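Reader: I am new to protein models and would like to learn how to read one, feature by feature. Could you take me through this example slowly?

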Amino acid sequence: MTTYYLARPDRLALDDFARLADLHPELARRFVTLGLLEATTGADGDLWFRPGQLNRLARIRRLRAGFALNYAALGLVLDLLDRIAVLEAQHRRDTRGGATRWT
């Protein structure tokens, strides 16, 4: 059964996420177990994903294709890229306010 949303949902069930991502649901579960994707568990044990996890999955696929990284290495690379993004955002805020701590 295909689900059609009238508005953008704030979360996606595992099967909907997998269909939109063109990913087998078991691989999505494995990515959650490995910490590559984030999902919440409902009272019935079902996994629910935020739509932004589709973007994260696209990033995982690009990194895996471009650098042939295994899933453990992907987790490390994703964490480092997230930390870099936070530091860059802090640096932009600091330099916009006139303070420069990285000179």
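**Reading salt bridges and helices**

Author: Let us begin with a pair of charged side chains in this predicted model: glutamate 26 and arginine 29 form a salt bridge, in which the closest N and O atoms are 3.4 Å apart.

Reader: Why can glutamate 26 and arginine 29 be separated by about one helical turn?

Author: The general idea is that an α-helix has 3.6 residues a turn, so residues three or four places apart point the same way. In this case, glutamate 26 and arginine 29 are three residues apart in helix H2, and therefore about one helical turn separates them. Glutamate 26 is partly exposed, at 47% relative accessibility, and arginine 29 is also partly exposed, with a relative accessible area of 34%.

Reader: How many salt bridges does the structure hold, and which residue meets aspartate 16 in one?

Author: The structure holds four salt bridges, and in one of them the side chain of aspartate 16 meets that of arginine 19 at 3.7 Å, N to O. These two residues are three apart in helix H1, so about one helical turn lies between them. Aspartate 16 counts as buried because its relative accessibility is 11%, under the 20% cut-off, whereas arginine 19 is partly exposed at 39%.

Reader: Where do the partners lie when aspartate 82 pairs with arginine 56?

Author: A salt bridge can also join two helices, as here, where aspartate 82 and arginine 56 have their closest N and O atoms 3.2 Å apart. Aspartate 82 lies in helix H4 and arginine 56 in helix H3, so the pair ties together parts that are 26 residues apart in sequence. Arginine 56 is buried at 16% relative accessibility, while aspartate 82 is partly exposed at 32%. Arg56, Arg59 and Asp82 are linked in a network of salt bridges.

Reader: Which residues of H4 are buried, and what covers them?

Author: The buried residues of H4 are Leu74, Gly75 and Leu78, and their cover includes H3. At the N-terminal end of H4, asparagine 70 acts as a cap, with a side-chain oxygen 3.2 Å from the backbone nitrogen of alanine 72.

Reader: Is glutamine 53 in helix H3 buried or exposed?

Author: Glutamine 53, which lies in helix H3, is buried, with a relative accessible area of 10%. Apart from neighbours within four places in sequence, glutamine 53 is in contact with Phe17, Leu37 and Glu38. Phe17 is itself one of the buried residues of helix H1.

Conventions
Residues numbered from 1 in each chain as written. Predicted model: local features only at pLDDT ≥ 70, side-chain atom pairs only at ≥ 80, totals over all residues. Heavy atoms only, no water. Helix = DSSP H or I, 4+ residues; strand = E, 2+ residues; numbered from the N terminus. Buried < 20%, exposed > 50% of the residue type's maximum accessible area, 1.4 Å probe, protein only. Contact = heavy atoms within 4.5 Å. Polar contact = N/O pair within 3.5 Å; in protein donor to acceptor, adjacent residues only side chain to side chain.
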